[in-house]
Amino acid sequence: QPASVPAAQAARDAEALAEAAAVLAAGGTVAFPTETVYGLGADARNTKAVEAIFAAKGRPSDNPLIVHIASMSQLEGLVTEVNETARKLMEAFWPGPLTLVLPAAPGVVSPRVTAGLDTVGVRMPAHDVALRLIAAAGCPVAGPSANRSGRPSPTLASHVGEDLSGRIDGIVDGGPTGVGLESTVVEAGRDGTVTVLRPGGITAEQIARVTGAGVKLDAALREAGGGADSPAPRAPGMKYTHYAPQGVMRIVSGAADRVAARIQAELAAASARGEKTGVLAFDERLPSYRADCSLSLGSETELAAAAHRLYAALRRFDECGVTYILAESCPEEGLGAAVMNRLLKAAGHRVIDAGE
Ligand code: TXA
Ligand code: MG
């Protein structure tokens with residue numbers, strides 16, 4: 001009965017979702033898909049449940065978690081104020097990959113979620129499975145990316161399994177995530193200014209079109225950081241070297257023909273000294289590179305593909321055991337700002353300037 005197959009599958013999916021929601025409501029940890037990356041969920045009000053997230057991920061306790069909601073009514077209890085600008089951004093981008101840092105209502109979410117800050121990061125994910133799960137659990141769901149700390153965020157349920165199998169109470173498999181990079185984290189001031197604390201799936205250009213004003217980038221994001229006098233990032237998570245592959249990675253920037261020539265030369269030299277090489281590049285030049293592991297970021301005219309593929313590619317390099325990786329840079333416009341932010345972190349800010 002071919003017609004009954006989708007119906008049976010839908011029934012199994014609904015059952016799995018109800019089971020996952022019950023685990024969350026009972027204080028367990030469940031990984032779930034969102035439109036950005038997979039999250040590791042727990043009841044945000046339950047300190048024990050939230051502590052289980054930190055333990056499973058090996059996450060530093062000073063790094064606050066994003067709280068996921070499924071409806072605007074869930075927001076009301078969580079925050080003390082939503083200013084005009086924040087309201088406009090919610091209307092424009094929720095559900096979607098935008099996290100707003102808002103003044104936290106005291107005593108609602110666990111202090112472990114906010115890491116002791118008086119603000120809470122909230123977002124409503126644009127993913128049917130996530131929304132249904134949160135609604136069925138009946139609680140605000142704290143959810144960092146569902147990777148071990150320091151690993152690339154998971155864009156497939158199998159990535160979650162690789163990192164967290166045996167450490168969490170369940171995984172809801174919703175297939176590959178869409179955006180592939182995390183949400184944009186912003187703070188919206190009462191004066192209408194918006195500060196990006198972490199670039200992500202909603203671009204600064206999109207935000208500026210809605211607010212009609214300029215968008216600031218948190219000063220700490222402009223530089224490599226780590227120096228004694230560099231400013232501390234306002235999203236605490238941005239100070240950690242995330243996503244670092246096991247091999248040494250460098251980004252090559254500059255004019256396209258110079259980048260291609262430089263990468264070809266660097267790969268040849270690396271092979272000659274016995275490195276196992278990897279290259280991460282756009283399709284326009286990828287065929288001109290010779291490496292042990294060549295991975296595509298898609299066409300440079302379509303940066304959404306680069307965002308979608310980036311984390312799986314970083315995981316693939318580790319599987320291949322490459323020791324030396326070169327990646328092409330992209331313009332820091334639109335989604336390119338988030339792609340470059342993650343690439344620079346993966347490369348520990350090591351950039352080769354091939355010239356213009
Ligand atoms: O797309 C996403 O945002 C994914 C999915 C699962 O929703 N989640 C995610 O969470 O990336 P996580 O925990 O990996 O990253 C949260 C980031 C961290 O950089 C953290 O420091 C920042 O948001 N953050 C959270 N609450 C904050 C707050 N109250 N003030 C400033 N930054 C905050
Ligand atoms: Mg993360």
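This passage goes through the two largest pockets of a predicted model.

Start with the largest pocket, which holds about 630 Å³ of space. Its lining runs to 42 residues, and those nearest the centre are Arg-59, Pro-64, Ile-66, Val-185 and Arg-198. Plenty of secondary structure feeds into this lining: the strands β3 (66-68), β4 (98-103), β5 (119-123), β8 (184-188) and β9 (194-198), plus the helix α5 (111-114), each chip in with at least two residues. Of the elements, β5 gives the most, with 4 residues. Some of the central residues can be placed on these elements, too: Ile-66 falls within the span of β3, Val-185 within that of β8 and Arg-198 within that of β9. As for chemical character, the lining of the largest pocket splits into 16 nonpolar, 18 polar and 8 charged residues.

Next comes the second largest pocket, with about 400 Å³ of space. Here 22 residues make up the lining, and Pro-199, Leu-217, Glu-332, Ala-337 and Ala-338 sit closest to the centre. Two or more lining residues come from each of α8 (204-211), β10 (215-217) and α11 (336-346). The biggest contributor is α11, whose share is 5 residues. Two of the residues closest to the centre, Ala-337 and Ala-338, lie in the α11 stretch, while Leu-217 belongs to β10. By type, the lining of the second largest pocket breaks down into 11 nonpolar, 6 polar and 5 charged residues.

Methods:
Residues are numbered from 1 along each chain as its sequence is written. Chains are lettered from A and ligands numbered from 1 in the order in which they are written. This is a predicted model: local features need pLDDT of at least 70, side-chain atom pairs count only at pLDDT 80 or more; totals for chains, interfaces and linings use all residues. Side-chain values use heavy atoms; hydrogens and water are left out. On a 1 Å grid over the protein atoms alone, a cavity is a set of points where a 1.4 Å probe fits but cannot get out, and a pocket is an open set with protein on both sides within 12 Å along at least five of seven lines; lining residues have an atom within 4 Å of a point. Grid points are joined across faces, edges and corners, and a volume is the space filled by probe spheres set on the points. Ala, Val, Leu, Ile, Met, Phe, Trp, Tyr, Cys and Pro count as nonpolar, Asp, Glu, Lys and Arg as charged, and the others, Gly among them, as polar.
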